[in-house]
Amino acid sequence: SIHKDLEEKIARFHQREDAVLYASCFDANASIFEALLTPEDAVLSDDLNHASIIDGICLCKANKYRYKHMDMQDLEAKLKEAQKHRLRLVATDGAFSMDGDIAPLREICQLAQKYDALVFIDECHTAGLLGPNGRGTDELLGVMDKVTIINSTLGKALGGAAGGYTTGPKPLIDLLRQRSRPYLFSNSLPPAVVGCASKALDLLMESNAIAQSMAAKTQRFRSKMMAAGFTISGKDHPICPVMLGDARLASVMAEDMLNRGIYVIGFSYPVVPKGKARIRVQISAVHSDEDIDHCVEGFTEVGRKHGALS
């Protein structure tokens, strides 16, 4: 009963008809394309979509198109090319986890409407964080009624442990319960995880204070870091990549930050492209203004020490 209650709560949170739980969003992404699409259909995927979306698309037999990252001209060209197929599904991350940039959902939905396509978004890095009430990218950009399918995780903002879900039209959810292999042939979520996620959703639906505080904390960190001379990728997202370019620099700076009691992660090739090494910072609702200011001070000291700042 607690699993069914959580599914109902997820659907209510996203203002959708129904939802189905998975052990992870990786499982949800591994399921949706294979269950929904046939060899007569087409899926159009952003070039920088998460690995789980890519793997899920590989499992299905639909015709596959990949458009340049957030390039709406290229997406339109691919949609024109895909008109010969029965069904077209545009798949994108709501926010891209390595760069912190947000998908142009308004434009994607306009193109989908023009070319009679469905829209799928992965909201793992936005649910609980973005939008006036934390509902995600579609709420932030005002297109909640134009996105057909949402997959997301309970392992980040919405619980912090494990789990994933698909939410959308009830006929789609009914189909997944019958044909989704990761749902049919795997255990469901442990009850303790269900309880954590359910409480997280209660907190978000009781008040928009958490979502609003996240926006303010994110803006504080980004503006102070840029004022200090750093380049921060993305826009208005709590994932704040501090772009450094050099892999060794990212590694030694992250290590020095940890020595100051500040835990941030250095990323370099092959996780990100060559020459795009960065330190990824993630702002959390539990961070105080003092925590954020302390982090910026630490970055400034370490950056000067290693020549990242003049």
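The following exchange concerns selected residues of a predicted model.

Colleague: Why is I265 called partly exposed?

Modeller: The relative accessibility of I265 is 32%. Partly exposed covers values between the buried limit of under 20% and the exposed limit of over 50%, so I265 receives that label at 32%. I265 is located in strand β10, which comprises residues 265-267.

Colleague: What makes L258, Y263 and I265 a nonpolar patch?

Modeller: Such a patch requires nonpolar side chains, among them Leu, Tyr and Ile, joined within 5 Å, in residues with over 30% relative accessible area and no salt bridge. I265, at 32%, passes the area limit of over 30%. Together, L258, Y263 and I265 have about 330 Å² of accessible area on the surface.

Colleague: Why is Q15 called exposed?

Modeller: The relative accessible area of Q15 is 52%. Exposed means over 50%, and Q15 therefore qualifies. Q15 is found in the loop between α1 (2-14) and β1 (18-22).

Colleague: What makes the phi of Q15 worth a remark?

Modeller: Most residues other than glycine have a negative phi. Phi of Q15 is positive, near 60°, and Q15 is not a glycine.

Colleague: Where does D236 lie, and why is D236 called partly exposed?

Modeller: D236 lies in the loop between β8 (231-232) and β9 (239-245). Its relative accessible area is 42%; because the partly exposed class lies between the 20% and 50% limits, D236 belongs to that class. D236 also has a positive phi, of about 55°, although it is not a glycine.

Colleague: How do you know that the peptide bond from Y269 to P270 is cis?

Modeller: The omega of that bond, from Y269 to P270, is near 15°, and the bond is assigned as cis. In general, most peptide bonds are trans. P270 is located in the loop between β10 and β11 (277-282).

Colleague: Why is D174 called partly exposed, and which helix holds D174?

Modeller: D174 has a relative accessible area of 34%. That value is neither under 20%, as buried would require, nor over 50%, as exposed would require, so D174 is partly exposed. The helix is α7, residues 170-179. The C-alpha atoms of D174 and V20 are separated by 8.8 Å, with their positions 154 residues apart along the chain.

Colleague: What does UniProt list for residues 2-297?

Modeller: An unreviewed UniProt entry lists "domain: Aminotransferase class I/classII large" for these residues. In the model, the span 2-297 is 44% helix and 18% strand, and its end C-alpha atoms lie 45 Å apart.

Note on methods:
Residues numbered from 1 in each chain as written. Predicted model: local features only at pLDDT ≥ 70, side-chain atom pairs only at ≥ 80, totals over all residues. Heavy atoms only, no water. Patch = residues over 30% accessible without salt bridge, like charges linked within 9 Å, V, L, I, M, F, W, Y side chains within 5 Å. Areas by Shrake-Rupley, 256 points an atom, 1.4 Å probe, with all protein chains shown as cover. Salt bridge = Lys/Arg side-chain N within 4 Å of Asp/Glu carboxyl O. Helix = DSSP H or I, 4+ residues; strand = E, 2+ residues; numbered from the N terminus. Buried < 20%, exposed > 50% of the residue type's maximum accessible area, 1.4 Å probe, protein only. UniProt positions renumbered as here; feature names shortened; annotations may be inferred.
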